[in-house]
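Visitor: Got a minute to walk me through this one? I'd like the overall picture and then a few spots in detail.

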Amino acid sequence: MKQEENVWISPEDLGRDQDLVKESQQEFYNLPILNQLADEQVMEQDSAGTGRRDFLKYLGFSLGAATLAACETPVRKALPYVVKPDSIVPGVATYYASSFVRGGDFCPIIVKTREGRPIKIEGNTMSPLTEGGTSARAQASVLDLYDVGRLRGPLKKGAGMTETSSWADLDKEIIASLRGGKVRILTHTNMSPSEQHAFELLSAQASDAKVVTYDPISAAGILQANQESFGVASLPGYRFDQADLVVNFGADFLGTWISPVEFANQFSKRRKIKDADGSKMSRLVQFESNMSYTGSNADHRVLIRPSEQGLAIAKLHHAIVGGGSASGTLSNPKAESAIRTLAADLKAAAGHSLVLSGSNNKAEQLLINAINQSLGNYGTTLSMENPSRQRQGADHAVVELMEEMRGGSVQTLIVCGDANPVYDLPEGDAFLEAMSQVSLTVSCTEMPSETQAACGITLPTPHFLESWSDVNPKGGYYAIVQPTIQPLFDTRPLLESILMWAGQPAKAYDFIQGHWRTALFPNQSRYATFQAFWDNTLHDGYAEVNQTVAATLPSSPGSSSLTSPSNSELEISFYEPMGVGNGSYANNPWLQEMPDPVTRVVWDNVLHTPLKWDGRSDFEYFQNLNKDGDLVNVELGENQEQLPVVRQFGQMQGTLATALGYGRTHSGKAGTGVGANFYKSLQRDATGNLVYFHTSPTVSKKKGHDDQFASVQHHHTLGITGQDETEDGKVINVDEKALMTLGTGSQGILTKRSILRHGNTDHLGEAVDHLQHEREHHQHLNEQTLYPDRSDVYGLGHHWGMSVDLSACIGCGSCGVACTAENNVPIVGKQEVSRHHEMTWMRIDRYYYGDAETPNVVYQPMMCQHCDNAPCENVCPVAATNHSAEGLNQMAYNRCVGT
């Protein structure tokens with residue numbers, strides 16, 4: 001068992017910064033300043049005439065909170081259930097099996113409702129794809145339902161202003177336009193088979209209709225490569241649970257890439273140690289320039305520049321398959337030797353290995369296909385017979401659409417869902433200009449957006465918890481989306497709008513059921529009648545049908561060109577963040593306030609900069625930049641943005657990184673004006689595919705520091721370096737090897753800085769013995785409590801508790817958002833988080849250890865401790881709370897007087 005002598009959380013911690021040490025020993029962080037800021041805030045509110053209730057209305061964000069906090073709430077008299085609905089019992093929850101779908105994001109879920117109101121989302125344990133897993137985005141989606149910023153009724157622009165209109169009048173105008181010329185329907189990935197069928201019906205009625213699909217975070221390169229290799233323009237089905245060795249070139253498959261909930265579930269199965277020797281644990285090797293979320297969970301990280309990914313893949317292909325051109329040298333000599341070693345390891349794990357890449361370059365993906373085919377991975381860790389449909393966008397298609405609009409040949413443009421090309425395309429301004437050449441522009445969306453604001457007609461769509469839909473994320477797997485509440489506003493599902501314009505008006509439920517009856521039911525053999533098939537689908541949330549895709553074996557890679565390594569001194573890569581994603585989730589404050597797992601920053605995107613460690617903190621490029629949160633100007637072509645920096649361990653020298661999905665200008669209270677938009681900085685390759693790095697950024701130091709830079713990096717963390725001092729003034733260093741209990745007159749017990757224990761599978765038995773002996777040695781710490789010993793009581797019955805397998809935990813933070821949703825924990829905003837005032841009940845700490853240049857990362861879940869040892873129990877003056885025999889804090893809220 002290894003106990004690292006050097007575990008750190010930041011450059012200040014590693015460098016033993018005295019200001020940080022001093023702050024970490026204060027019970028109340030920067031108290032004088034906080035009091036001053038609080039007084040100033042009260043004065044500002046008084047002078048502006050803003051009352052406390054108005055402040056709470058904004059802070060509450062949601063429809064319910066704003067209504068309850070408002071002074072002008074109308075009186076509503078409650079009526080008892082004289083004729084009570086069969087499915088509703090007051091105080092008893094009702095559950096619905098449904099699906100979380102947004103663009104290419106998919107997660108099977110169970111929705112908890114009370115008195116007809118959805119309040120919580122959980123994963124569907126019956127689903128074979130995720131087996132109960134969920135994501136922060138799925139957990140937070142229930143908040144979007146109650147967002148007061150949602151569109152509430154049909155709108156039409158006229159006479160320089162937007163006015164409400166009727167559905168019937170707008171339908172007539174749209175139908176007339178559909179018959180008059182080219183019709184283009186623009187959407188992100190759409191996985192609904194019923195909606196796709198409705199698009200076909202509309203195309204048959206319109207004079208010239210076409211669906212254009214694009215994704216702001218694109219996988220078009222993989223689709224093109226698979227079309228050439230297999231004759232199928234689909235993503236393969238990945239099986240990380242069957243892989244002994246995974247070699248990954250930049251795909252963040254645990255965080256945001258394709259199907260992270262599914263992949264994380266598969267990956268974690270091979271990280272759990274079930275045998276004494278631990279020999280079946282898989283190994284992950286990550287090639288990347290910046291510390292990605294998946295890279296932080298890798299066993300080995302190999303640093304390469306963004307423009308070198310194609311060369312690195314070619315070298316691995318040459319070492320395994322042979323042939324091809326792999327001339328050139330990688331800038332990191334360690335990467336060259338790592339590729340040679342991995343080639344041998346992959347051959348040894350042939351048939352049970354997996355090579356993948358997040359590149360959007362067709363030629364690079366063709367090499368990935370050839371490597372996997374040579375290793376015999378198709379049929380075990382990869383499958384084209386049951387492909388994924390979670391990315392369907394073609395980058396070149398939206399470029400062709402712009403040319404059509406610019407030429408004036410498009411009569412009607414219908415923008416669906418979260419598609420927001422004015423914001424999430426590098427040519428957003430050009431797209432906006434081209435829209436002016438279209439006679440009629442229609443936006444069918446749930447929330448305001450940059451593109452919706454430019455459309456002539458806006459038709460609001462319901463939240464997915466308010467409407468019927470279906471989804472086909474993978475071959476043979478179909479899921480249902482069912483409503484859990486009546487629509488809150490005057491909205492209409494996209495499916496019903498398309499059917500209305502196609503001349504076949506129908507309710508979404510009836511059309512979906514009819515489509516499943518004719519298209520899906522005949523392809524299954526489990527149920528004899530359609531009613532049984534349909535009822536069980538609604539109960540389980542999904543159905544599996546016999547459906548495979550005929551795919552040929554991959555041929556030799558084509559002649560597409562690889563990305564050429566750049567000679568630039570500085571490169572920058574762009575990635576999708578786990579919270580706000582491609583920008584569609586920007587208006588959800590739960591996701592904005594969820595700390596990024598790696599940077600630990602909230603409410604902002606930052607510039608990751610490299611650290612050169614030689615005994616002091618020192619930037620290679622910006623010698624005068626010495627603190628996280630310092631502001632810089634980033635110029636990328638004509639685009640110039642200002643953002644704060646984070647000095648990131650594991651960032652390759654000569655490279656930078658920043659997140660997409662921020663910088664919204666038309667979103668809502670939580671999303672507008674947060675961060676900087678770098679979609680404008682993206683470029684396209686020769687095939688029209690988006691390139692998610694730039695080889696000529698210019699960075700200049702800006703005077704000043706972001707005073708509201710909100711990072712929870714040092715908030716309450718267990719790894720702070722420091723010293724303690726007794727009352728007699730004697731300084732005692734924190735012992736790195738053992739807990740130290742100070743003598744009489746001491747301030748308390750010092751916890752050791754190195755909280756990390758880790759081992760390897762070769763010495764697993766020895767590590768377990770070491771942990772057991774260490775626990776016995778420190779068992780006396782559990783006895784130092786104000787609570788009486790209840791071990792005799794717990795032995796008689798249940799005792800609540802939780803254990804986390806740290807080998808399987810990947811630190812995604814979904815549990816933190818789930819806790820916020822479950823307990824109605826308030827969000828506080830960027831300024832308050834910057835003052836250490838975040839109110840989350842649990843968090844995931846992130847620690848580094850090992851080599852400072854390419855450190856290992858470990859995540860430490862810090863759970864809420866209130867159930868077992870609630871501090872309120874000992875001090876409550878009215879006995880509103882007591883401790884149960886099962887270890888729970890039992891609270892009588894109507895008795896609590898709030899002192």
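Guide: Sure, we'll go from the whole chain to a pair of helix packings and then to single residues. Keep in mind that this is a predicted model.

Visitor: How many helices and strands are there in the protein?

Guide: The protein has 28 helices and 39 strands.

Visitor: And what share of the residues counts as buried?

Guide: 53% of the 899 residues are in the buried class. On contacts, if you take those with a separation of 6 or more, 71% are between residues 24 or more positions apart.

Visitor: OK, helices now. How do helix 9 and helix 14 cross?

Guide: Helix 9 covers residues 220-230 and helix 14 covers residues 362-374; their axes come within 8 Å and cross at roughly 55°. That angle makes helix 9 oblique to helix 14.

Visitor: Left-handed or right-handed?

Guide: The crossing of helix 9 and helix 14 is right-handed.

Visitor: Which residues meet there?

Guide: From helix 14 you have Lys362, Gln365, Leu366 and Asn369. Helix 9 brings Gly221, Ile222, Gln224, Ala225, Asn226, Glu228, Ser229 and Phe230. By class, that contact of helix 9 with helix 14 has four nonpolar, six polar and two charged residues.

Visitor: What about helix 12 against helix 14?

Guide: Helix 12, residues 309-320, packs on helix 14 at about 25°, and the axes are 10 Å apart. Helix 12 and helix 14 are therefore roughly parallel to each other. The crossing of helix 12 and helix 14 is left-handed.

Visitor: Which side chains should I click on for that pair?

Guide: On helix 12, go for Gln309, Gly310, Ile313, Ala314, Leu316, His317 and Ile320; they meet Glu364, Leu367, Ile368, Ala370, Ile371 and Ser374 in helix 14. The contact of helix 12 with helix 14 sorts by class into eight nonpolar, four polar and one charged residues.

Visitor: Let's do single residues. Where does threonine 563 sit?

Guide: Threonine 563 is in the loop between strand 20 (542-544) and strand 21 (571-575). Its relative accessibility is 21%, so threonine 563 counts as partly exposed.

Visitor: What does threonine 563 touch, leaving out residues up to four places away in sequence?

Guide: Threonine 563 touches Ser307, Gly310, Asn361, Glu364 and Phe693. Two of those names came up a moment ago: Gly310 in helix 12 and Glu364 in helix 14. Also, the C-alpha atoms of threonine 563 and leucine 311 are separated by 7.5 Å, with their positions 252 residues apart along the chain.

Visitor: Next, serine 467: buried or exposed?

Guide: Serine 467 is buried, at a relative accessible area of 10%. You'll find serine 467 in the loop between strand 17 (457-460) and strand 18 (469-474).

Visitor: Which residues are around serine 467?

Guide: Not counting residues up to four places away in sequence, serine 467 touches Pro462, Val481, Gln482, Pro483 and Pro493. A polar atom of the serine 467 side chain also lies 3.5 Å from the backbone oxygen of histidine 463.

Visitor: And glutamine 452, where is that?

Guide: Glutamine 452 is in helix 18, residues 450-454. With 10% relative accessibility, glutamine 452 counts as buried. Beyond residues up to four places away in sequence, glutamine 452 touches Leu151, Ser443, Thr445 and Thr458.

Visitor: What about glycine 673, buried or exposed?

Guide: Exposed: glycine 673 has a relative accessible area of 61%. The loop between strand 27 (655-659) and strand 28 (683-684) holds glycine 673. C-alpha to C-alpha, glycine 673 and alanine 586 are 9.9 Å apart, while in sequence they are 87 residues apart.

Visitor: Last topic, backbone. Which residues other than glycine have a positive phi that I could look at?

Guide: One is glutamate 115, with phi near 50°. Glutamate 115 is in the loop between strand 3 (105-114) and strand 4 (117-123), and at a relative accessible area of 31% glutamate 115 is partly exposed. Then there's alanine 879, not a glycine either, with a positive phi of about 55°. Alanine 879 lies in the loop between helix 28 (872-875) and strand 38 (881-883).

Visitor: Great, that gives me plenty to click through.

Key. Residues are numbered from 1 along each chain as its sequence is written. This is a predicted model: local features need pLDDT of at least 70, side-chain atom pairs count only at pLDDT 80 or more; totals for chains, interfaces and linings use all residues. Side-chain values use heavy atoms; hydrogens and water are left out. Helices (H or I, at least four residues) and strands (E, at least two) are DSSP runs, numbered from the N terminus. Buried means under 20% relative accessible area, exposed over 50%, partly exposed in between (1.4 Å probe, protein chains only). A polar contact is a pair of N or O atoms within 3.5 Å; within protein, one must be able to donate a hydrogen and the other to accept it, and residues adjacent in sequence count only if both atoms are side-chain atoms. Contact means heavy atoms within 4.5 Å. Axes are lines fitted to C-alpha atoms, for helices over the stretch in contact, and angles run from 0 to 180 degrees between N-to-C directions. Angles under 35 degrees count as roughly parallel, over 145 as roughly antiparallel, 65 to 115 as roughly perpendicular and the rest as oblique. A crossing is left-handed if the near helix is turned anticlockwise from the far one by less than a right angle, and right-handed if clockwise. Ala, Val, Leu, Ile, Met, Phe, Trp, Tyr, Cys and Pro count as nonpolar, Asp, Glu, Lys and Arg as charged, and the others, Gly among them, as polar.
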